[in-house]
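Please open your viewer and keep the sequence panel beside it, since this tour moves from one selection to the next.

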Amino acid sequence: MRALEEAKRKRIRVLIVDDVPETCENIRCLLHFEPGVEVVGEARDGEEAVNKAEKLRPDVVLMDINMPVMDGIAATEAISCRVPGSSVIIMSVQGEQEYLRQAMIAGARDYVVKPFTSDELTAAIYRVYELDQRRLDRVQNLHAGSFGQPRGQVITVFSTKGGVGKTTLAVNLGVCLSHLFGFSVALIDLDLQFGDVAVLLDLTPRRSIADLAADFNQLDEELLEATLARHSSGLRVLAAPPRPEYAEMVSPPLVEKVIKLLSNRYDYILVDTPGSFTDAGMVALDYAHQILLVLSLDLPTLKNIKLGLEVLDSLHHKDKVRAILNRSNMELGIGPGDVEKSLGISLAAQIPSDGRVVVEAVNVGRPFVLSHPKSRVAESLRQLAGELARTNSQVQQEKKKKGLLRSFNPLSALQDG
């Protein structure tokens with residue numbers, strides 16, 4: 001609640017975007033008597049909204065969807081990339097569910113349904129502001145090293161496009177690190193509405209991450225361990241909720257606590273995320289030591305990945321990104337060199353296309369690194385796992401060197417900061 005109290009002291013700066021002047025005036029009236037909120041400007045279309053957001057740098061943008069020149073969805077995407085410090089709240093009417101989905105994918109943080117009350121609007125503003133402030137504090141603490149040195153390496157598997165094989169890669173990578181390399185590995189399924197990690201491993205978990213919500217205050221390593229499903233490879237799995245509506249039970253603070261607890265016990269924590277920037281997924285990106293950004297050779301995916309890289313850069317995560325080209329195939333008209341040139345980033349790994357092996361493994365619930373260990377796609381996963389293990393070893397060695405330097409020179413701790 002500290003962020004909320006701070007907001008009421010400093011006032012949250014709000015930009016109103018709606019093409020109907022009367023609506024803007026009504027919103028101003030609703031917010032006029034709220035001491036923690038200050039309206040800093042208005043815009044009548046999406047293009048004007050982007051320009052004013054860049055100039056005014058508001059904390060929150062209240063965004064209508066249907067507007068001339070540039071609609072609210074396009075404007076939300078532009079603001080999310082260009083003004084990452086501004087959070088967008090969509091103002092929608094009933095019957096715009098598909099537009100809402102698109103807006104959330106574009107980067108909107110919340111929505112309110114017209115007509116809304118003053119309490120509903122201010123509650124959304126404070127909620128979004130508090131979430132963003134907590135995230136900022138979390139990133140600053142992580143950069144400052146205030147959480148100590150946990151044992152585990154967090155690897156977040158992410159993409160801005162669904163259907164690129166992200167979950168399949170996460171599952172097989174987890175099995176590689178656990179079964180073949182002998183590490184202790186936990187895999188978190190943060191695709192909270194439609195997660196498939198358990199299906200790909202032929203597991204039927206009795207409990208999921210949603211069950212931990214009720215036990216948040218009592219949650220410790222033992223309780224978390226009892227919630228994990230166990231795969232024959234040694235991999236431990238924290239499953240996604242069994243139904244989409246249970247996703248709302250999983251809050252960012254819960255995800256943060258889970259990752260920190262698992263980091264104390266496991267060598268690797270893999271996190272599979274949905275194909276968009278969600279609140280829960282942002283926690284996994286913040287805590288990640290490495291982000292595996294999965295892409296494929298088609299123009300829509302490359303377009304979304306490029307936008308995603310811009311967002312990751314604005315969130316100060318680009319240095320952690322390792323681009324993974326999945327289903328690499330030279331016959332598709334776009335080659336790896338084209339991808340690197342288009343995205344401005346080198347590919348860390350290329351996973352060959354092998355539909356027969358992968359689909360068969362998915363259908364029987366047995367990872368292909370176990371069912372087809374001699375296949376090219378399995379070999380590529382083993383190489384990727386080996387690279388991650390080597391990178392982790394190098395990082396740990398650097399930490400040990402810094403620790404020794406500190407023991408000999410007390411001033412080095414100040415110099416590192």
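Leaving aside its neighbours within four places in sequence, which residues is serine 380 in contact with? Select serine 380 and look around its side chain: with those sequence neighbours set aside, the residues in contact with serine 380 are Gln350, Ile351 and Pro352. Serine 380 belongs to helix H16, which covers residues 376-408, and with a relative accessible area of 8% this serine is buried, because buried means under 20%. Now add alanine 349 to the selection and draw a distance between the two C-alpha atoms, which should read 8.0 Å, although serine 380 and alanine 349 are 31 residues apart in sequence.

**The whole chain**

Zoom out before going further, and bear in mind that this is a predicted model. Its mean pLDDT is 84, with 85% of the residues at 70 or more. If you colour by pLDDT, residues 402-417 stand below 50, and this stretch has 6 contacts in the model beyond near neighbours in sequence. Where pLDDT is low, the predicted coordinates should not be read in detail.

In a cartoon view you can count 17 helices and 13 strands, and of the 417 residues in the chain, 52% are buried. Among contacts between residues at least 6 apart in sequence, 76% join residues at least 24 apart.

**Helix H10 and its partner**

Next select residues 252-263, which form helix H10. Is this helix largely enclosed or largely open to the outside? It is largely enclosed by the rest of the structure, because 10 of its 12 residues are buried; among them are Leu254, Val258, Leu261 and Leu262. The length can be checked as well: at 1.5 Å a residue, the 12 residues of H10 should span 16 Å, and the C-alpha atoms at its ends are 16 Å apart, so the two values agree.

Keep H10 on screen and add helix H11, residues 279-287. Two packed helices are described by the angle between their axes and the distance between the axes. For H10 and H11 the angle is about 35 degrees and the axes are 8 Å apart, in a crossing that is right-handed. Show side chains where the two helices meet: Pro252, Val255, Glu256, Ile259 and Lys260 come from H10, while Asp279, Ala280, Val283, Ala284 and Tyr287 come from H11. Sorted by class, this contact has 7 nonpolar and 3 charged residues, with no polar ones.

**Two buried serines**

Move to serine 178, which you will find in helix H7, residues 166-180. Serine 178 has a relative accessible area of 8% and is therefore buried. Apart from neighbours within four places in sequence, serine 178 is in contact with Phe183, Val185, Ser233, Gly234 and Leu235.

Then step back along the chain to serine 159, in the loop between strand S6 (153-158) and H7. How much relative accessible area does serine 159 have? The value is 0%, so serine 159 counts as buried. Once neighbours within four places in sequence are left out, its contacts include Lys166, Pro274, Leu293 and Ile305. A C-alpha to C-alpha distance drawn from serine 159 to leucine 309 gives 9.8 Å, for a pair 150 residues apart in sequence.

**Around helix H12**

Glutamate 310 is found in helix H12, and its relative accessible area of 39% makes this residue partly exposed. Select proline 84 together with glutamate 310: their C-alpha atoms are separated by 9.9 Å, while 226 residues separate the pair along the chain.

**Backbone stops**

Most residues other than glycine have a negative phi, and most peptide bonds are trans. With that in mind, select histidine 316, in the loop between helix H12 (299-314) and strand S12 (321-328), where phi has a positive value near 65 degrees. Histidine 316 is exposed, at a relative accessible area of 60%.

Arginine 57, in the loop between helix H3 (46-56) and strand S3 (60-64), also has a positive phi, of about 50 degrees, and at 46% relative accessibility it counts as partly exposed.

For the final stop, select lysine 114 and proline 115 and look at the peptide bond that joins them, which is cis, with omega near -10 degrees. Proline 115 lies in the loop between strand S5 (110-113) and helix H6 (118-144).

Technical notes. Residues are numbered from 1 along each chain as its sequence is written. This is a predicted model: local features need pLDDT of at least 70, side-chain atom pairs count only at pLDDT 80 or more; totals for chains, interfaces and linings use all residues. Side-chain values use heavy atoms; hydrogens and water are left out. pLDDT is the predictor's confidence in each residue, from 0 to 100. Contact means heavy atoms within 4.5 Å. Helices (H or I, at least four residues) and strands (E, at least two) are DSSP runs, numbered from the N terminus. Buried means under 20% relative accessible area, exposed over 50%, partly exposed in between (1.4 Å probe, protein chains only). The expected span of a helix is 1.5 Å times one less than its number of residues. Axes are lines fitted to C-alpha atoms, for helices over the stretch in contact, and angles run from 0 to 180 degrees between N-to-C directions. A crossing is left-handed if the near helix is turned anticlockwise from the far one by less than a right angle, and right-handed if clockwise. Ala, Val, Leu, Ile, Met, Phe, Trp, Tyr, Cys and Pro count as nonpolar, Asp, Glu, Lys and Arg as charged, and the others, Gly among them, as polar.
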